[in-house]
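The following exercises concern the fold of a single protein. Please study the sequence and the model before reading each solution.

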Amino acid sequence: MSTPQQAPTTNNITATANIHPVAGTEPEFILYDDFTDTSHQVDFFIPNRFIVAYCRQGSLSITVNHKQKTTMTSGDLLIAFPRTTLEDFSFSNDLQLMVLSLSPTVINDSLLGDKDLWPNIEFVSTHPKIHLTEEEVEVGRQYHHLYKIYSKRKPTKFRSNILYTLHRSMIYELADMVNNRTGSVPQDAQYSQTDNTFKRFLQLLAQSEGKIRNVSYFARELCITTKYLSHIVKEKTEHSAKQLIDETVANEIRRQLCYTSKTVKEIANDMGFPSLSFFGTYTRKHLNASPANIRKKYRAGK
């Protein structure tokens, strides 16, 4: 067995393996075209990325969220949402694995904005691995080909818009794949009251469209205390309710700055900020830049 080599840290990914990212990838997505390290054990921690991994050959065993042991073989697809821990890698010497990693920013509009996706998300949380049909494998090849092209293509006027559409299309393809398998889930599966409350909180968060920033509103809608809501969210995500709310608000701010023609003042008013000053302070705190600089940086990259 060879000794693992430390790969460079890219965005929120720290990997130990011979993982070779395709040259020129954008921060919003990273394409690992091959996973060829032959080490017996690899630690691979992904704190805040959306991950889609496809096994072309060989086998890979991995622990999801410290407790769910999963083994992938040829034709298997693994889907992991942000804040999922992937660790204890053990794989065969002939493993061929492709991995697509998306930042939370580029998927939140789809995952949080479409309530019809939530049953699929629930399914994936307990069934992270699915085996693809030949037709689904071919669809996957086409998406891989497109991502590979755009990982190398130079910036163009509409590149960001094209990628935005590509990401959403890919997510809905995955949702269709998952939806075709939800019938295999036992129909009598019971959810606890805590599960239902957390699910309802996420639905309310999606419906809020980033316009509500206080935990007390969601607690009132759920008829529970803010302390209990914070406890539930912390238990389910290891993050506070306020963190999830602020993340939703920040992503909506970024979306409107980058994908609409509204003025900064119009966006601030639309999202219920009492003043431009407060809006700017909030944006700098949660997006590390002023509204004007976020928009300027986006337009400069088009």
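**Exercise 1.** What percentage of the contacts in the protein with a separation of 6 or more is accounted for by residues 24 or more positions apart?

*Solution.* The model is a predicted one. Begin with the secondary structure, which amounts to eleven helices and eleven strands. Next, consider the contacts with a separation of 6 or more: residues 24 or more positions apart account for 68% of them. Finally, turn to burial: of the 302 residues, 46% count as buried.

**Exercise 2.** Determine how the buried residues of helix H3 are arranged around its axis.

*Solution.* Helix H3 covers residues 134–152 and reaches 28 Å from its first C-alpha to its last, close to the expected 27 Å. Its buried residues, each under 20% relative accessible area, are Glu136, Val137, Tyr143, His144, Tyr147, Tyr150 and Ser151. Viewed down the axis of H3, these buried residues fall within an arc of 145 degrees, so they line one face of the helix. The face turned away from the buried side carries the exposed residues Glu134, Glu135 and Lys152.

**Exercise 3.** Identify the helix that supplies the largest share of the largest nonpolar core.

*Solution.* The largest nonpolar core has 31 residues, and those with the most contacts inside it are Phe201, Phe218, Leu229, Ile253 and Phe273. Several helices supply at least two residues each, among them H5, H8 and H11. The largest share, eight residues, comes from H8. Beyond its neighbours within four places in sequence, Phe218 is in contact with residues including Phe201, Leu229 and Ile245. A second, separate core of 27 residues includes Leu31, Tyr54, Met170 and Leu174.

Technical notes
Residues are numbered from 1 along each chain as its sequence is written. This is a predicted model: local features need pLDDT of at least 70, side-chain atom pairs count only at pLDDT 80 or more; totals for chains, interfaces and linings use all residues. Side-chain values use heavy atoms; hydrogens and water are left out. Helices (H or I, at least four residues) and strands (E, at least two) are DSSP runs, numbered from the N terminus. The expected span of a helix is 1.5 Å times one less than its number of residues. Buried means under 20% relative accessible area, exposed over 50%, partly exposed in between (1.4 Å probe, protein chains only). The arc is that of the directions from the helix axis to the C-beta atoms. Contact means heavy atoms within 4.5 Å. A nonpolar core is a set of buried Ala, Val, Leu, Ile, Met, Phe, Trp, Tyr and Cys residues joined through side-chain atoms within 4.5 Å.
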